[in-house]
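Please open the model in your viewer and keep a selection tool at hand, since this tour moves from one selection to the next. The stops are cysteines, cavities and salt bridges, taken in that order.

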Amino acid sequence: MKYALVTGGSRGIGKAVCLKFAQMGIPVLINYHSNETAALDVLKCVRSIGGTVDLLQFDVASEKDVSRAIERWEDGHPDDYIAYLVNNAGIRKDNLMFMMPEQDWHDVIDVTLNGFYYVTRKLLPKMMMRRHGGRIINMASLSGLKGMPGQTNYSAAKGALIGATKALAQETASRNVTVNAIAPGFIESDMTKDLPQEELKKLVPMNRFGRPEEVAALVGFLCSDESGYITGEVININGGLYS
């Protein structure tokens, strides 16, 4: 059986992606770090629509944590493999560069970029060995494309994730593993709830924030058979704000 793993799947875009996989009939593993209550809420939502789901708790920024959790899951599922990976986990610690504490720089890089490395490296061998290959979706950001003031750390992490997406796509294409990135703009989620939405909406041609379900729909397409010839791409979803 082919499973999907969504890192940072307990809220926002991650939650919407988990529900999308369930609607597609794909068993889903919800990764979370510390908010078990939120993760259990997503689990209940997925089960309520008939989805097969389980929780997978680990810190994406810890190589030992990642390896331990995935190996434990694989030991319990010898005939299954994780064919769909959505690297969605990320954090923001915004500040102007000259005022940014060193720890805030490292924390953002560790979760977004090192998390991508630890989780993807662990799952790639089995994806590449299987006849049906796999799908890897990296959740980038508008910040990684154009840069955003006050987000030097976040922009650096997401920009590097985009570069890694393009390189990895070329390494895995011959094994039927596609690797793409999605770059959301302003999306209604926990990560944007502290932003001045009414002011920022004026910058968006569509005059609104996007919905997590709209991002999840794009993830669903990129994980479908119809997208099998798309790899190494970065797809914007930002209401016309930047292209």
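A residue is called buried here when its relative accessible area is under 20% and exposed when that area is over 50%, with partly exposed lying in between. The model in front of you is a predicted one.

**Cysteines**

Begin by selecting Cys18, which has a relative accessible area of 0% and is therefore buried. Which cysteine sulfur is nearest to that of Cys18? By the rule that a disulfide needs two cysteine sulfur atoms within 2.5 Å, the count comes to zero disulfides. Cys18 accordingly takes part in none, and the nearest cysteine sulfur, which belongs to Cys45, is 10 Å away. Now add Cys223 to the selection: the closest cysteine sulfur to its own is in Cys18, at 12 Å, and this is too far for a bond. Cys223 is buried as well, because its relative accessible area is 4%.

**The largest cavity**

Next, turn to the empty space inside the model, where a search of the whole structure finds two cavities of 30 Å³ or more. The largest cavity has a volume of about 50 Å³. To display its lining, select Thr7, Val60, Asn87, Ala89, Val111, Thr112, Gly115, Phe116, Val119, Met139, Lys158 and Leu161. Two elements, helix 4 (102–129) and helix 6 (152–172), give two or more residues each to this lining. If you colour by element, you should find that helix 4 supplies the largest share, namely five residues. Colouring by residue class instead divides the lining of the largest cavity into seven nonpolar residues, four polar ones and one charged one.

**The second largest cavity**

Clear that selection and choose Trp73, Glu74, Tyr81, Ile82, Leu123 and Lys126, which line the second largest cavity. The space in this second largest cavity comes to about 30 Å³. How many nonpolar, polar and charged residues are in the lining of the second largest cavity? The lining holds four nonpolar residues, no polar ones and two charged ones. Helix 3 (63–76), strand 4 (81–87) and helix 4 each contribute at least two residues to the lining of the second largest cavity.

**A salt bridge between helices**

Keep helix 3 and helix 4 in view for the next stop, and show the side chains of Glu63 and Arg121, which form a salt bridge with their closest N and O atoms 3.6 Å apart. This pair links distant parts of the chain, as Glu63 sits in helix 3 and Arg121 in helix 4, 58 residues apart. Glu63 is partly exposed, at a relative accessible area of 31%, and Arg121 also counts as partly exposed, at 41% relative accessibility. The structure as a whole holds eleven salt bridges.

**A salt-bridge network**

For the last stop, select Arg208, Arg211 and Glu214. The side chains of Glu214 and Arg208 meet in a salt bridge with an N to O distance of 2.8 Å, while Arg211 forms one with Glu214 in which the closest N and O atoms are 3.4 Å apart. Through these shared partners, salt bridges join Arg208, Arg211 and Glu214 into one network. Glu214 counts as partly exposed because its relative accessibility is 24%. Arg208 is partly exposed at a relative accessible area of 31%, and Arg211 is likewise partly exposed at 40% relative accessibility.

Methods: Residues are numbered from 1 along each chain as its sequence is written. This is a predicted model: local features need pLDDT of at least 70, side-chain atom pairs count only at pLDDT 80 or more; totals for chains, interfaces and linings use all residues. Side-chain values use heavy atoms; hydrogens and water are left out. On a 1 Å grid over the protein atoms alone, a cavity is a set of points where a 1.4 Å probe fits but cannot get out, and a pocket is an open set with protein on both sides within 12 Å along at least five of seven lines; lining residues have an atom within 4 Å of a point. Grid points are joined across faces, edges and corners, and a volume is the space filled by probe spheres set on the points. Helices (H or I, at least four residues) and strands (E, at least two) are DSSP runs, numbered from the N terminus. Ala, Val, Leu, Ile, Met, Phe, Trp, Tyr, Cys and Pro count as nonpolar, Asp, Glu, Lys and Arg as charged, and the others, Gly among them, as polar. A salt bridge is a side-chain nitrogen of Lys or Arg within 4 Å of a carboxyl oxygen of Asp or Glu. Buried means under 20% relative accessible area, exposed over 50%, partly exposed in between (1.4 Å probe, protein chains only).
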